[in-house]
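Please open the model in your viewer and keep the selection panel at hand. The tour goes from the whole chain to its core and then to the parts that call for caution.

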Amino acid sequence: CDNINDHDNAAKEIKLMLQVAGTEKILTVKNDNGNTPLDIATAKGGSDEIKTLLQPRTIKNDPANANDDASNLVPPADDHDNDTTATEIQDQLLQAAKQRNADLETQIESQKTEHQNTIADLESQETEHQKTIADLETEIVFLSE
């Protein structure tokens, strides 16, 4: 995009995209003109934050951190200037993932409560219907006598 710095959420959207496992690979994929996302952002005047986010990363195989989604992303070996920035990004991504998990858990609990209330309402309706059926059966007995 020619106006990459005019997009309010470009950096946030890139951060969210990078939370998905395997998406770091797209940072190294070249388009038909042979440009990576970083090349395009640089050519279009992207902010330093966006260019940092688009830096290709490598995956390190560290079993100790296997459960930590953001901890296996590290900057390329030849990029010493962005070590702090990459760590900050990893922390931000981890915090965003934790917040997303917390939001999902809250949503699940809310839906559970909603479903439990629906079940209680249906059970109440069933009880009312059973009472109505019993009343009708009693009425039928009186009418048949």
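Begin with the whole protein chain coloured by secondary structure, where you will find four helices and two strands (DSSP runs numbered from the N terminus, helices being H or I over at least four residues and strands E over at least two), in the order α-α-α-β-β-α from the N terminus on. This is a predicted model, in which local features need pLDDT of at least 70 and side-chain atom pairs count only at pLDDT 80 or more, while totals for chains, interfaces and linings use all residues. Residues are numbered from 1 along each chain as its sequence is written, and side-chain values use heavy atoms, with hydrogens and water left out.

Next, select A10, A11, I14, L18, L27, L38, A41, I50, L53, L54, I89 and L93, the twelve residues of the largest nonpolar core (buried Ala, Val, Leu, Ile, Met, Phe, Trp, Tyr and Cys residues joined through side-chain atoms within 4.5 Å, where buried means under 20% relative accessible area with a 1.4 Å probe, protein chains only). Helix α1 gives the largest share of this core, four residues.

Centre on I89, which, leaving aside neighbours within four places in sequence, is in contact (heavy atoms within 4.5 Å) with T52, L53 and R57.

Finally, recolour by pLDDT, the predictor's confidence in each residue from 0 to 100: the mean is highest in helix α4 (residues 83-144), at 90, and lowest in strand β2 (residues 73-74), at 48. Over residues 60-82 the pLDDT is below 50, although this stretch has 26 contacts in the model beyond near neighbours in sequence. Where pLDDT is low, the predicted coordinates should not be read in detail.

Technical notes:
Buried means under 20% relative accessible area, exposed over 50%, partly exposed in between (1.4 Å probe, protein chains only).
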